[in-house]
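Biologist: Could you take a close look at one part of this model for me, the sheet further along the chain? Walk me through how its strands pair up and what packs on them.

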Amino acid sequence: VVVSGIGKSGHVARKLAATLASTGTPAFFVHPAEASHGDLGMITADDVVVMLSNSGETDELTLLFPHIKRQGAAIVSITGNGQSSLAQNADVHLDAAVDAEACPLGLAPTASTSAAMAMGDALALALLDARGFSAEDFARSHPGGSLGRRLLIKVSDVMRTGSALPIVHQHATLAEAIVEMTSKGMGMTAIVDDAGRALGVFTDGDLRRSIAHFSDATSFGVAQLMSRNPRTIGAARLAVDCVETMEAAPRVTALLVAGDDGRLIGAVHMHDLFRARVV
């Protein structure tokens, strides 16, 4: 899709081209004055040219009509005048007429540009829907933005594994659990059974509560003090899903990552999500 316009309509046209491109419809802007000096070579018979002009009589656009028709491209006009040259000669005309401009003088393009932009957005979103454009497709077009990161980064991309994963056996002592928590810096450790399945977690909060309730908490095994039924998430899930799970449970700042067989394969801390700029 080739989008063109001049003046304020040109600014709207540039925005429409950008919106089309980011929602799965390849598009770019061509300045109408530059088009007649060589940029017509960017337009082919397979293209659709969208022209924006509130009056529908913009000379720079109307002069391009015969040349674009000769190229074999289709023309869609977005104007505020259904009887204008652009409206009458286009293959399709989209009416973006307004009763009056918002400008108190009735001169500066305000309401008309808003209407044209809304029409352009509606056109882009109709194409998005018709093409079956998905959230994953959107993310691939926006890898550098926060939306792309939220839709592309998986739990497996941010989770801690191997030697960075705080983990102790169910028969570990409290002292061993504290050493593991301290060395791994996640404020918790997972407790697993012989098969590597997570039985629970022991956190800084559990440690404080243990000391407050028992005169000699060090005499206990960590399995006696741990929080059972820990919250887990799958490695293939989106990292942003971790945020929702953590927010649903007060004071939870870390999640265990379990495989399909229930075995512990990793852990994610809120700080990992911040570093990945998911939140």
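Modeller: Let's start with β6 and β7 (residues 188–192): the two pair in the parallel sense over three bridges, where pairing takes at least two bridges found by DSSP between the strands. Strands here are DSSP runs of E with at least two residues, helices are runs of H or I with at least four, and both are numbered from the N terminus. Within that pair, I167 sits opposite A190 of β7. Then there's helix α11 (residues 204–213), which packs on the sheet and touches β8 (198–203) and β9; touching, or contact, means heavy atoms within 4.5 Å. The direction of α11 makes about 70° with that of β8, using lines fitted to C-alpha atoms, for helices over the stretch in contact, with angles from 0 to 180 degrees between N-to-C directions.

Zooming out a bit, this sheet is open, has four strands in the order β6-β7-β8-β9, and its pairing is mixed. β6 (167–169) and β9 (227–228) are the edge strands with a single partner each, so each has one side without a neighbour in the sheet.

For contrast, there's also an open sheet of five strands, ordered β2-β1-β3-β4-β5, with parallel pairing. There, β1 (residues 2–4) runs parallel to β2 and is joined to it by two bridges, with V3 having F29 in β2 as its bridge partner.

A word on the ground rules: this is a predicted model, so local features need pLDDT of at least 70 and side-chain atom pairs pLDDT 80 or more, while totals for chains, interfaces and linings use all residues. Numbering starts from 1 along each chain as its sequence is written, and side-chain values use heavy atoms, leaving out hydrogens and water.
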